[in-house]
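Open the model in your viewer and show it as a cartoon, with side chains hidden for now. The tour below says what to select at each stop.

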Amino acid sequence: YVDRNYTGTDFPVVLEHEMIHLMTIARNGDGPRAPLLLQEGWAVYLTGGHYRFGEPLQDRAAALTALGEYTPLAELANSFAGAQHEAAYIEAGAFVEYLAGRFGRERLTEMMFHPAGGKSGAGVMDTMLRTEFGRTLAECEADWLGRLRSAAPDPETVRGVEFTMDMFDLIREYQQAYAAGVSIYDLFLPDPARARAEQITADYLPPPETADAAALELMFQAA
């Protein structure tokens, strides 16, 4: 509900991100889809940020490495939905941006529009990278990580990334405590029938209107 957006995110960024998903799905039709890491990274890269336009993705990914929050890509590809959300999206967006810079946006688009099939996210990513770029996932990651580790993220960026992760973890705790029908483990909004059956209804209902909830949301906005 945009009239009570206590997350500090820019709604146009979220809307553009989701529209990119819709267009990519429409382009690929009923064929296989890329692993979530690439799907979300693609949307973050094309939007130019995760929660705001113009986020410096490489700097923020370098901050993740400085904080010890970087997840190896194979591990992240196989368990994207269960990873810390903000860190996962920063890492995914920055990796896709690296691929665009290293191999060209046109070839990256070709890869995203012709994903490989398979069950393992890491295995599918490896196949896609080999097919389009002639490089394995491990080779791409090693080159990219070398660049990140050679960078020196400024302290303000590091603090900003750490604050974003902590802040949104607190917001999720608030939502679980005060908003009935929340599932932080579902990346995608379920259809109404499934939402009712599984009691994941918070996305379809106004947020709580208790005094405690209003006070907490004001504190989130002030932060």
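The stops go from the whole chain to single residues and pairs.

**Before selecting anything**

This is a predicted model, in which local features need pLDDT of at least 70 and side-chain atom pairs count only at pLDDT 80 or more, while totals for chains, interfaces and linings use all residues. Residues are numbered from 1 along each chain as its sequence is written, and side-chain values use heavy atoms, with hydrogens and water left out.

**The whole chain**

Color the cartoon by secondary structure. The protein chain has eleven helices and zero strands; here helices (H or I, at least four residues) and strands (E, at least two) are DSSP runs, numbered from the N terminus. Read from the N terminus, the order of elements is α-α-α-α-α-α-α-α-α-α-α.

Next, show the surface. The protein chain has an accessible surface of about 11,800 Å², and carbon and sulfur atoms hold 54% of that surface. Accessible areas come from the Shrake-Rupley method with a 1.4 Å probe, and for residues only the protein chains shown count as cover. Of the 223 residues in the protein chain, 40% are buried. Buried means under 20% relative accessible area, exposed over 50%, and partly exposed in between (1.4 Å probe, protein chains only).

Contacts (heavy atoms within 4.5 Å) can be sorted by their separation along the sequence. Among contacts in the protein chain with a separation of 6 or more, 71% are between residues 24 or more positions apart.

**Helix α1: a nonpolar patch**

Select F11, V14, L15, M19, L22 and M23. Together they make a nonpolar patch on the surface, with about 560 Å² of accessible area. Patches consist of residues with over 30% relative accessible area and no salt bridge; like charges are joined within 9 Å, and nonpolar side chains (Val, Leu, Ile, Met, Phe, Trp, Tyr) within 5 Å. Now pick L22 alone: this residue sits in helix α1, residues 11–28. L22 counts as exposed because its relative accessibility is 54%.

**Helix α2: a buried glutamate**

Move on to helix α2, residues 36–47, and select E40. Which side chain of opposite charge is nearest to E40? It is R33, 9.6 Å away, and E40 is buried without a salt bridge. For charge, Lys and Arg count as positive and Asp and Glu as negative, while His and the chain ends are not counted. A salt bridge is a side-chain nitrogen of Lys or Arg within 4 Å of a carboxyl oxygen of Asp or Glu.

Show the side chains of H21 and Y89 as well. E40 has a side-chain polar contact of 2.9 Å with H21 and another of 3.4 Å with Y89. A polar contact is a pair of N or O atoms within 3.5 Å; within protein, one must be able to donate a hydrogen and the other to accept it, and residues adjacent in sequence count only if both atoms are side-chain atoms.

**Salt bridges**

How many salt bridges are there? The count comes to six, and three of the pairs are visited here.

- Select E132 and R107, whose closest N and O atoms are 3.7 Å apart. This pair links distant parts of the chain, with E132 in helix α7 (residues 121–133) and R107 in helix α6 (residues 105–112), 25 residues apart.
- Select D143 and R147, a salt bridge with its closest N and O atoms 3.2 Å apart. The two are separated by about one helical turn, because they are four residues apart in helix α8.
- Select D169 and R172, where the closest N and O atoms of the salt bridge are 3.2 Å apart. D169 is partly exposed at 31% relative accessibility, whereas R172 is buried at 16%. Add E86 to the selection: salt bridges that share partners join E86, D169 and R172 into one network.

**The loop between α8 and α9**

Select D154, in the loop between α8 (137–150) and α9 (155–178). D154 is partly exposed, with a relative accessible area of 36%. A polar atom of its side chain lies 3.1 Å from the backbone nitrogen of E156. Then add A62: the C-alpha atoms of D154 and A62 are separated by 9.6 Å, although the residues are 92 apart along the chain.

Finish with A151, which is in the loop between α8 and α9. From C-alpha to C-alpha, A151 is 9.3 Å from A63, and the two are 88 residues apart in sequence.
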